[in-house]
Amino acid sequence: GSVRVWDYKARKILRTIDIPNAGGTIDVRLIPDDPKMRGYTAGMGGDSLYLVDTQKGTAKSVFDFSTIAKGGWPQLMRITRDGRRLFISMNIAGKVVMFDTSNPESPKVLKVLDLGKDSGPHYIGLTGDEKRLVITDYFLNEDEQGKIHAEGDHKIHVAKVMKDDLVLDSRFKLDMNSAISSGPARPHGVAFK
């Protein structure tokens with residue numbers, strides 16, 4: 001429920017930005033070339049997208065994810081190099097949201113990509129040319145020993161990124177339940193060129 005602003009060179013925390021009721025902030029993305037040095041974070045348990053002012057030490061809710069799916073667990077984010085598009089996975093809801101962030105204080109939903117019930121999208125990554133978004137469906141399952149069971153369907157998706165749309169590429173289908181001969185794999189993250 002907080003974001004820390006660091007001076008990396010001095011290796012010290014400059015300020016802590018508390019975000020009451022966020023229920024956990026799992027990712028932060030700075031807005032590229034923003035003169036106010038702002039960024040975004042999502043409250044995983046609080047269903048909000050927050051605009052974080054790193055200089056003033058404040059955060060304000062700018063979008064309510066419960067309008068898409070209550071308790072959807074917004075998690076990981078990616079932002080385009082120009083700062084005009086923001087993508088956020090919603091693990092429990094089985095969705096990925098694409099925002100127009102050209103006005104950082106008032107992001108607009110451009111697309112809600114529905115991957116299906118229990119799909120569990122978590123990790124997302126933009127390709128270098130920003131024409132594709134790669135999505136992995138698995139967060140964490142602590143099996144019998146733990147409390148977290150956000151399994152997902154173990155699939156990896158590729159979506160085409162367009163100016164105002166996000167569409168699954170039907171030519172790309174990778175199911176990690178059957179792709180590996182030793183059994184199901186849990187694709188938590190990916191790396192690609």
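A residue counts as buried when its relative accessible area is under 20%. By that cut-off Glu130, with a relative accessible area of 18%, is buried. The tour below returns to Glu130 after an overview. The model on display is a predicted one.

**The whole chain**

Begin with the protein chain in a cartoon view. The chain has 17 strands and 0 helices. Along its principal axes, the C-alpha trace spans about 50 × 40 × 35 Å. The radius of gyration is 17 Å, which agrees with the value near 16 Å that a compact globule of 193 residues would have. Colouring by accessibility is a useful next step: 46% of the 193 residues count as buried. Among the contacts with a separation of 6 or more, 42% are made by residues 24 or more positions apart.

**The largest pocket**

Next, select Val3, Arg4, Val5, Trp6, Tyr8, Leu14, Val28, Leu30, Met37, Arg38, Thr54 and Gln55, the residues that line the largest pocket. Strand E1 (2-7) and strand E3 (25-30) are the elements that give two or more residues to this lining. Which of the elements gives the most? E1 does, with 4 residues. The volume of the largest pocket is about 320 Å³. By class, its lining consists of 8 nonpolar, 2 polar and 2 charged residues.

**Two backbone positions with positive phi**

Keep Met37 selected, since this lining residue of the largest pocket also has a notable backbone angle. Most residues other than glycine have a negative phi. Met37 is not a glycine, yet its phi is positive, at about 55 degrees. Met37 lies in the loop between E3 and strand E4 (38-43). Its relative accessibility is 48%, so Met37 counts as partly exposed.

Now select Arg11, in the loop between E1 and strand E2 (12-18). Arg11 likewise is not a glycine and has a positive phi of about 55 degrees. Is Arg11 buried or exposed? With a relative accessibility of 67%, Arg11 counts as exposed.

**The aromatic cluster**

Select Phe63, Phe65 and Phe99 and show their side chains. Ring pairs link these three residues into a cluster. The structure as a whole holds 3 aromatic pairs. One of them joins Phe63 and Phe65, with 5.3 Å from centre to centre and 80 degrees between the planes, an edge-to-face arrangement. Both Phe63 and Phe65 are buried. The pair of Phe65 and Phe99 is also edge-to-face, because the planes stand at 80 degrees, with the ring centres 6.0 Å apart. This second pair links distant parts of the chain, 34 residues apart: Phe65 is in the loop between strand E6 (58-64) and strand E7 (74-79), while Phe99 is in strand E9 (residues 95-100). How accessible are these two residues? Phe65 has a relative accessible area of 0% and is buried. Phe99, at 0% relative accessibility, counts as buried too.

**The second largest pocket**

Move on to Thr80, Asp82, Arg84, Arg85, Ser102, Glu130, Val161, Met162 and Lys163, which line the second largest pocket. The volume of this pocket is about 160 Å³. What classes of residue make up its lining? There are 5 charged, 2 polar and 2 nonpolar residues.

**Glu130 and Val161**

Within that lining, select Glu130 first. Glu130 is found in the loop between strand E11 (121-126) and strand E12 (132-137). Apart from residues up to four places away in sequence, Glu130 touches Thr80, Arg81 and Val161. Of these, Thr80 and Val161 also appear in the lining of the second largest pocket.

Then select Val161, in strand E15 (residues 155-162). Val161 has a relative accessible area of 16% and is buried. Which residues are in contact with Val161, leaving aside its neighbours within four places in sequence? They are Phe87, Leu126, Glu130, Lys131, Arg132, Leu133 and Leu166.

As a last step, draw a distance from Val161 to Glu144. The two residues are 17 residues apart in sequence, and their C-alpha atoms are 38 Å apart in space.

How values were computed
Residues are numbered from 1 along each chain as its sequence is written. This is a predicted model: local features need pLDDT of at least 70, side-chain atom pairs count only at pLDDT 80 or more; totals for chains, interfaces and linings use all residues. Side-chain values use heavy atoms; hydrogens and water are left out. On a 1 Å grid over the protein atoms alone, a cavity is a set of points where a 1.4 Å probe fits but cannot get out, and a pocket is an open set with protein on both sides within 12 Å along at least five of seven lines; lining residues have an atom within 4 Å of a point. Grid points are joined across faces, edges and corners, and a volume is the space filled by probe spheres set on the points. Ala, Val, Leu, Ile, Met, Phe, Trp, Tyr, Cys and Pro count as nonpolar, Asp, Glu, Lys and Arg as charged, and the others, Gly among them, as polar. Rings of Phe, Tyr and Trp (its six-membered ring) pair if their centres lie within 6.5 Å; planes under 30 degrees apart count as stacked, over 60 as edge-to-face and the rest as tilted. Buried means under 20% relative accessible area, exposed over 50%, partly exposed in between (1.4 Å probe, protein chains only). The radius of gyration is taken over C-alpha atoms; the globule rule is 2.2 Å times the number of residues to the power 0.38. Contact means heavy atoms within 4.5 Å.
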